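Visitor: I should like to learn how to read the domains, the ligand shell and a helix pair. May we take them in turn?

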Amino acid sequence: MTRKDSVKTSLPELPPEADPTQILKSGLAAAKGPVALACSFSVEDIVIIDLLQQLAPETRVFALDTGRLNEETYQVAESLRMRFDLKIDWHFPRFDAVEQLERTKGLYSFRENLDNRHECCAIRKVEPLRRALTGAAGWITGQRRSQSVTRGELPPLEIDEGNGGILKINPLAYWSQEQVWQYARSKALPTNKLHQQGYPSIGCAPCTRAIREGEDPRAGRWWWENPEHKECGLHQS
Ligand code: SF4
């Protein structure tokens, strides 16, 4: 039996609409090895950091510095580092790949077509993610079902085939945006200032805009693309 099969068969049954603490506890137990949180400093990730402080404070928190993040994202990262004495495991893209991309295609090639956008995300996000997950038996994400059409069927626990069959834990799968904010406010957690400026979802600065009233929460990500393309390659099972 491969390690992937062994994790798969031991995936615990969760009640429908299980709460984040239940999902996290079950996922951490099922992983049978080190688990890490992928943190983009969204309000969702910050809520999970707070939950982990109570459940498993030794959990590694890693972040991908794509080189194109907003200043506000660095500010909230620093606030979290100080509030929780948090050690953030930063990962950068390979400098030679970024140099090659910018020398040959310029600084905004991702706006030209989907292939170029995927190329940039592959260099700045996906390859560093692979390195960040080295040795991990599972990873935790802040994804929620109600964020977009691409996440409508998101399971709370899943096998991540794209990353070697490790466990992927999505503790906020069933939570609404309102529930996330209610939790963050109740604990007075530091949050990214861009959330107050109409950015429910925050990624790289040139690929994220504020949304208008009534728009999908992820409408501001790669806003020039169709909704079904709005993923960066980090979350493709
Ligand atoms: S979100 Fe935009 S800038 Fe960031 S890695 Fe993807 S294409 Fe590049």
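Guide: The dialogue below treats the domains, then the ligand, then a pair of helices. Please note that this is a predicted model.

Visitor: Which domains does the assignment give for the chain?

Guide: The assignment gives domain 1 (3-91 + 135-220) and domain 2 (93-130). Their C-alpha centres lie 24 Å apart.

Visitor: How many residues of domain 1 are in contact with domain 2?

Guide: On the side of domain 1, 7 residues are in contact with 8 residues of domain 2. Those of domain 1 divide into 3 nonpolar, 3 polar and 1 charged.

Visitor: Where does the ligand lie with respect to the domains?

Guide: The ligand lies between domain 1 and domain 2, because both give residues to the shell around it. There are 13 residues around the ligand, of which Phe110, Cys120, Cys121, Cys204 and Cys207 come nearest. By class, the shell holds 7 nonpolar, 2 polar and 4 charged residues.

Visitor: How should one read a pair of packed helices?

Guide: Two packed helices are described by the angle between their axes and the distance between those axes. Here, the axes of H5 (residues 95-105) and H6 (residues 114-132) come within 10 Å and cross at roughly 155°. Angles over 145 degrees count as roughly antiparallel, and H5 and H6 are therefore roughly antiparallel to each other. Their crossing is left-handed.

Visitor: Which residues make the contact between H5 and H6?

Guide: Helix H5 contributes Ala97, Val98, Leu101 and Lys105, and helix H6 contributes Asn116, Cys120 and Ile123. The residues of this contact comprise 5 nonpolar, 1 polar and 1 charged. Cys120 of H6 is also among the residues that come nearest to the ligand.

How values were computed
Residues numbered from 1 in each chain as written. Predicted model: local features only at pLDDT ≥ 70, side-chain atom pairs only at ≥ 80, totals over all residues. Near = placed C-beta within 6 Å. Nonpolar A, V, L, I, M, F, W, Y, C, P; charged D, E, K, R; others polar. Domains from an automatic or database assignment. Contact = placed C-beta atoms within 7 Å. Axes fitted to C-alpha atoms, helices over the stretch in contact; angles between N-to-C directions. Helix = DSSP H or I, 4+ residues; strand = E, 2+ residues; numbered from the N terminus. Parallel < 35°, antiparallel > 145°, perpendicular 65-115°, else oblique. Left-handed = near helix turned anticlockwise from the far one by under 90°.
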